Amino acid sequence: MANYEEPSDRFTCDVFLSFRGEDTRYSFMGYLLDAFQKRGIKVFYDDKSLKIGEELSPAFYKAIEESNISVIVFSEDYASSKWCLNELAKIMECTKTNKKQIAFPIFYHVDPADVRHQRNSYEEAMIGHEKRFGKDSEKIKAWTAALSKVADLKGHHIHTGHEIDHVKEIAEKVHANIAPKPLLVGESPVGLDQHKEDAKSLLDLKPNDGTVCTLGIIGLGGIGKTELAKALYNKIVHQFEAASFLANVREKSNKINGLEDLQKTLLSEMFQQPKSELGSTSKGIYEIKHKLEKKKVLLVLDDVDEMKQLENLAGGSDWYGPGSRIIITTRDKGLLMGTHQIEVKTYEMTELNNQHSLQLFCRNAFGKNNPKTGYEAMSYRAIGYAKGLPLALKVIGCNLATRKSLKAWEDALKDYERIPRKGIQDVLKVSYDVLEPSAQSVFLDIACFFKGENIEYVEEVLVEFSATSNIEELVNKSLLNVDDGYLNMHDLIQDMGREIVRQEAPNNPAKRSRLWFHQDIIDVLSANDSGSDTIQGIMVGPSIYMTEVYWNDCAFEKMNCLRILIVRNITFSLKPKYLPNHLRLLHWEAYPSKTLPPKFYPRNIIIFNLPNSQLTLTEPFKVRKGRTELEHIMMPAVKVPKWFDYRCKGGFPVFWVRGKFPKIVLAFVFQDAVKQSPYPVNLFVELFPLINDKHVPNKTVCKFGIERNHVVVCDLQVLFCGTSIDALLLKNEWNQVHISYEVNDRTYELDKTEDYYLTVSEWGVFVDKQGIVNLEEHVQFTCPTTKDPIMTIDDFKHDDSNENPAVNENRVDKTIGIEDIPSPTAPEVDETEQYTHMLEENENSNDAAVNENENHYDKTIGTEYIPSPYPSGFFWRLLYTCFCKCFS
């Protein structure tokens, strides 16, 4: 449905004044005109030079039609003037056709009944007109009808008293009934037309509308919310009985009696009268509601940042009359989300496109809409920095306008790209300053390290700062947005955050809380006596080329508060001798050592990624000392470390536990099942634990970043997410633990026609032996309920069966899942390596050998052997498990 807009009734003049000059020009009318002028009321009144002939000139007709109020001063000889009667007839005609026009009669020492019934001087005047034009003439009929009708209107009577007192009262009455005026604005804003139409459609303006509607315009500082609110106000203000535009609400409300002053301004603008004292905001609330509850009003609250501002200025839907509209601009979306008494529709401002950005920049830099010849490239570079933010385009354009050479422009733009301009910084920083300290920490971490990262990944790393709720707060404050699960922020917002950190110690990077600039980090890491407890995070690495850095291998020794260490595309000349134990995130590509520093016990670690590094896990990971949970580790390897208690090729991890649930670490190696993707992909694995075929009720989703041909090691407790699993465990009985997984690509859409997926090529289980005397009493890796003896490696090796060795070997592997390591209870002997080699050869056995024994009867589980279509023994282990559960 098309939005309703009333006919053109915008008044160019406040008051049209009709009076008999000879009666009042040099007395009463002088006082009245002066009172109107003092109140800013724009008046049109007769000029003798315009009175040519007896008929109204086109200028007078237009003045009457475009005046909000017509004030008619009925003096004793008013009716004797044909000119005055023509004005009166036109006024009454206009008020009939345009309901918003008002006729206001003043009876100056005249009885209204004389006017209504044409008595006394009015009778004498009309008799004279009748003699000239004829009693039945159309002119006489129109004048008589106008006199009769106007006398019935509510006006003002002057009989006694001082005229100056009457003048003040008349001026107040007229002022209170003048239609709201559009705001005075400068040059037409750039790029607002579509925004204006879209926002106006949300206001749902239509005739005879009885609802009260509130529209919230949201967006980051400097994006043009106020300009849109002004444009919208000017476009629709003529449709309302009263209006007020309260600018800078945030700033004004923070002053002494600020909210009370805003209430005074609101009432003053609504009623077109001077401010009156209220005494308190409670009295202000009463006055606003009492005086405006029946008026159709338009109210704009610009730059709101606290709920108390809405509570004292906008109230509820019963504060204002039917058809009223309230517009609120804010950076804080949370203020408008279900906490206000009035239902709020929201409209989010977006950045300008390149065309409008260039136009706005050029207006401020060159005074025209296009770049000056020779400055085209520099202009595009400038708008590239501003990223469509109107405030930045204006500030940069005005600054560059004072520079007269391309070299000066070049130098200025370099400064912008290095250090944000103060005017832009101050506006954007307002939203940051009102944040709680924990939210400020989350914002600075994202600005310095995590822009563009997966939201779940960041929430894990920053959990100590209540990241989930604080990220939501940053989104509400328009400092951050979440696009398809990834964190993003405007480049100038990021620059503002990084500038806050730089200002902590402008000339000493070692004293700043976060380091991301490559040269600053190299300076700190290469100095002999550098670094401090102030540093909380470091992200080092150029984005394209791998470089080698010569550094002090003890550089981290003084960084005891370091939480985040990210190293990418950098090789270090020396391996680190020290890493801080306070680390929560360690991501170090091409880590330069096979071992970790000897005193490295990061008990707070959440993410531990060492892709493409030299590190090898030759013993149980020592970070588990003193910890109950470890998020995960990732390092290059195509096999599970040998010190794991059990390893298996392919499939899903399945094992059994009894008694108190032990601390268990899982390991996975992921590889392409069919083919290597030609694209760089961002992969996440999601793990789902089941106990006795029942899903463990996870409180959060457990997703880990993974890479091909890397081993991922994670704590099983993480999958339980702190959930008690006692209700799922059978007491004094064996409980089956089964881990399923799903691999997701979050970077691009895979072609569904391609046979592409990632699978587990090997997995392993390591059990913390603390408090466990006999491991087999608590953990088993084959179904413990079977009555058949569990075949060991030695049993298999001395089997004298005449079956094809390759087939027989495959049968045992798929029956009980024995892999390339000995049983946890069996001693490790040299023959194990020989057995492992034999199993690896068996994996490549040809299908003919399998088909030859297709109907071979498997004596171990009592069923006919059918070769598995899967590349591992998982299918048969699962079948074997189901068989055991059915007959146990």
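**Salt bridges, sheet and core in the predicted model**

Glu 473 and Lys 477 form a salt bridge in which the closest N and O atoms are 2.6 Å apart. The structure analysed here is a predicted model. The two partners of this bridge fall into separate burial classes: Glu 473 is partly exposed, with a relative accessible area of 29%, whereas Lys 477 counts as buried at 9% relative accessibility. A further group of charged residues, Glu 65, Lys 90 and Glu 93, is joined into one network by salt bridges that share partners.

In total, the structure holds 31 salt bridges. One of them brings the side chains of Arg 514 and Asp 445 together, with an N to O distance of 2.7 Å. Arg 514 belongs to strand S13 (residues 514-515) and Asp 445 to helix H20, so this pair ties together parts that are 69 residues apart in sequence. Both partners fall below the 20% limit for burial: Arg 514 counts as buried at 2% relative accessibility, and Asp 445 counts as buried at 0%.

Another salt bridge is formed by Asp 491 with Lys 451, whose closest N and O atoms are 2.5 Å apart. This pair, too, links distant parts of the chain, since Asp 491 is located in helix H23 (residues 491-502) and Lys 451 in the loop between H20 and helix H21 (455-461), 40 residues apart. Asp 491 is partly exposed, with a relative accessible area of 25%, and Lys 451 counts as partly exposed at 26% relative accessibility.

Helix H20 also enters the description of the nonpolar interior. In soluble globular proteins, nonpolar side chains tend to be buried together. The largest nonpolar core of the model comprises 84 residues, of which Phe 361, Ile 396, Phe 443, Ile 446, Phe 450 and Leu 462 touch the most other members. The element that gives the most to this core is helix H20 (residues 437-450), with 9 residues. When neighbours within four places in sequence are left aside, Phe 443 is in contact with Tyr 432, Leu 474, Leu 479, Met 489, Ile 493, Met 496 and Gly 497.

Towards the N terminus, the strands were examined for their pairing. Strands of a sheet pair through backbone hydrogen bonds, in either a parallel or an antiparallel arrangement. An open sheet of 5 strands is found in the order S2-S1-S3-S4-S5, and its pairing is parallel. Strand S2 (43-45) and strand S5 (156-158) occupy the edges, each with a single partner strand, so one side of each has no neighbour in the sheet. From one strand to the next, the twist averages 20 degrees.

The individual pairings can be followed across the sheet. Strand S1 (residues 13-18) is joined to S2 by 3 bridges, and the two strands run parallel; within this pairing, Leu 17 stands opposite Tyr 45 in S2. S3 and S4 pair in the parallel sense over 6 bridges, with Val 73 opposite Ile 106 in S4. The chain passes from S3 through H4 to S4, and this β-α-β crossover is right-handed. Helix H4 (residues 82-97) lies across S1, strand S3 (67-74) and strand S4 (102-108), and runs at about 140 degrees to S1. Of the 7 residues of S4, 6 are buried, so this strand is largely enclosed by the rest of the structure. S4 is joined to S5 by 3 bridges, again with parallel strands, and the bridge partner of Ile 106 in S5 is His 156.

Backbone geometry was considered last. Most residues other than glycine have a negative phi. Ala 590 has a phi near 60 degrees, a positive value in a residue other than glycine. Ala 590 is found in the loop between strand S18 (585-588) and strand S19 (607-609), and at 21% relative accessibility counts as partly exposed, because the buried class is confined to values under 20%. Asn 732 likewise has a positive phi near 60 degrees. Asn 732 lies in the loop between helix H25 (716-720) and strand S28 (735-745) and is exposed, with a relative accessible area of 72%.

Note on methods
Residues are numbered from 1 along each chain as its sequence is written. This is a predicted model: local features need pLDDT of at least 70, side-chain atom pairs count only at pLDDT 80 or more; totals for chains, interfaces and linings use all residues. Side-chain values use heavy atoms; hydrogens and water are left out. Two strands pair if DSSP finds at least two bridges between them. Helices (H or I, at least four residues) and strands (E, at least two) are DSSP runs, numbered from the N terminus. Axes are lines fitted to C-alpha atoms, for helices over the stretch in contact, and angles run from 0 to 180 degrees between N-to-C directions. Contact means heavy atoms within 4.5 Å. Buried means under 20% relative accessible area, exposed over 50%, partly exposed in between (1.4 Å probe, protein chains only). A crossover is right-handed if, with the strands pointing away from the viewer, the path from the first strand over the helix to the second runs clockwise. A nonpolar core is a set of buried Ala, Val, Leu, Ile, Met, Phe, Trp, Tyr and Cys residues joined through side-chain atoms within 4.5 Å. A salt bridge is a side-chain nitrogen of Lys or Arg within 4 Å of a carboxyl oxygen of Asp or Glu.
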